[in-house]
Amino acid sequence: MKSSCQAFVFPSIHDFPPFFTQQPTQSTWQHQIQLWSTLILSYYRHHKRCVLELTNELNGELFNNTKINRKLGLATLQTIIDELVKQGMAEWLPPTTQKSSALIYWRKPEEWANMIYGWVKENGLTNTVLTVFEVLHGENTEGLEFHGLDDVLFQRALKILIDQGKAQTLTGTNSDDMGVKFY
């Protein structure tokens, strides 16, 4: 998905040095996890991204505030992502034992599936075969929230539609020309 042109506006907590250090009091730590979770989801939604590569992102603006010279630690970030996984808002990408990358669900796969299927119904595309490329990158979906959706996340949404009997895949030579028939 394409990144938003406007800069992300960080909440004031992002400039608070203790925010980047796991707090020893359990209730404070739980609140800190909640704040980080909300911030991660907002940031990824703003930039229309869903894959978080932990070691790469630790040096990025989200987890490394150069203005106050504070950086979130890898183990702390893994714990925060674990909490997002428990909430159904993230999923560790294999191999999960390494916890090096995760899908961030700022919109859950079920929501993407409903959105895509709603577009299919609204445009009279049931019983029509479309390519994955047409759905994700075609002119007819420009301006829609799922336009440019990450392929891994699209596959999760598509599996939901298949399980619900609303779609069927038709094999192509690669993922972009794979066909999808919606019912």
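This is a guided tour of one predicted protein chain, moving from the whole chain to its core and then to individual residues.

Before selecting anything, note that residues are numbered from 1 along each chain as its sequence is written, and that side-chain values use heavy atoms, with hydrogens and water left out. Since the model is predicted, local features are given only at pLDDT of at least 70 and side-chain atom pairs only at pLDDT 80 or more, while totals for chains, interfaces and linings use all residues.

**The whole chain**

Begin with the protein chain in a cartoon view, where six helices and eight strands can be traced; helices (H or I, at least four residues) and strands (E, at least two) are DSSP runs, numbered from the N terminus. Followed along the sequence, their order is α-β-α-β-β-α-β-β-α-β-α-α-β-β. Along the principal axes, the C-alpha atoms fill a box of roughly 55 × 35 × 30 Å.

Next, colour the chain by accessibility: of its 183 residues, 39% are buried, where buried means under 20% relative accessible area, exposed over 50%, and partly exposed in between (1.4 Å probe, protein chains only). With a surface displayed, the chain exposes about 9,700 Å², of which carbon and sulfur atoms supply 50%; these areas come from the Shrake-Rupley method with a 1.4 Å probe, and for residues only the protein chains shown count as cover. Among contacts between residues at least 6 apart in sequence, 55% join residues at least 24 apart, a contact being heavy atoms within 4.5 Å.

**The nonpolar core**

Now select W36, I40, I81 and F182, the residues with the most contacts inside the largest nonpolar core, which has 54 residues. Such a core is a set of buried Ala, Val, Leu, Ile, Met, Phe, Trp, Tyr and Cys residues joined through side-chain atoms within 4.5 Å. The elements that give two or more residues to this core include α1 (26–46), α3 (74–86), α6 (151–163) and β8 (179–182). Helix α1 gives the most, with eight residues.

Staying on helix α1, select S37, which counts as buried because its relative accessible area is 4%. Apart from neighbours within four places in sequence, S37 is in contact with I80 and L84.

**L62 and its surroundings**

Move to L62, in the loop between α2 (54–57) and β2; with 1% relative accessibility, L62 is buried. Leaving aside neighbours within four places in sequence, the residues to display around L62 are F10, H14, F20, W36, L39, I40, Y43 and Y44, with each of which L62 is in contact. For one of these, Y43, the C-alpha atom is 7.7 Å from that of L62, although 19 residues separate the two along the chain.

**K67 and D15**

Further along, select K67 in the loop between β2 (64–65) and β3 (70–71), a residue that counts as exposed because its relative accessibility is 64%. Add D15 to the selection: a polar contact of 3.0 Å joins the side chains of K67 and D15. A polar contact is a pair of N or O atoms within 3.5 Å; within protein, one must be able to donate a hydrogen and the other to accept it, and residues adjacent in sequence count only if both atoms are side-chain atoms. The C-alpha atoms of K67 and D15 are separated by 7.8 Å, with the residues 52 apart along the chain.

**Two lysines with positive phi**

Most residues other than glycine have a negative phi. Against that background, select K48, in the loop between α1 and β1 (51–53), where phi is near 50°; K48 is partly exposed, with a relative accessible area of 30%. Then go to K99, in the loop between β4 and β5, which has a positive phi of about 50° although it is not a glycine. K99 is partly exposed, at 26% relative accessible area.

**Y183**

End the tour at Y183, in the segment after β8, which counts as partly exposed at 34% relative accessibility. Not counting residues up to four places away in sequence, Y183 touches Y117, T126, N127, G165, K166, A167 and Q168. With the side chains of Y183 and Q168 displayed, look for the polar contact of 2.3 Å that joins them. As a last distance to check, the C-alpha atoms of Y183 and N123, which are 60 residues apart along the chain, are separated by 13 Å.
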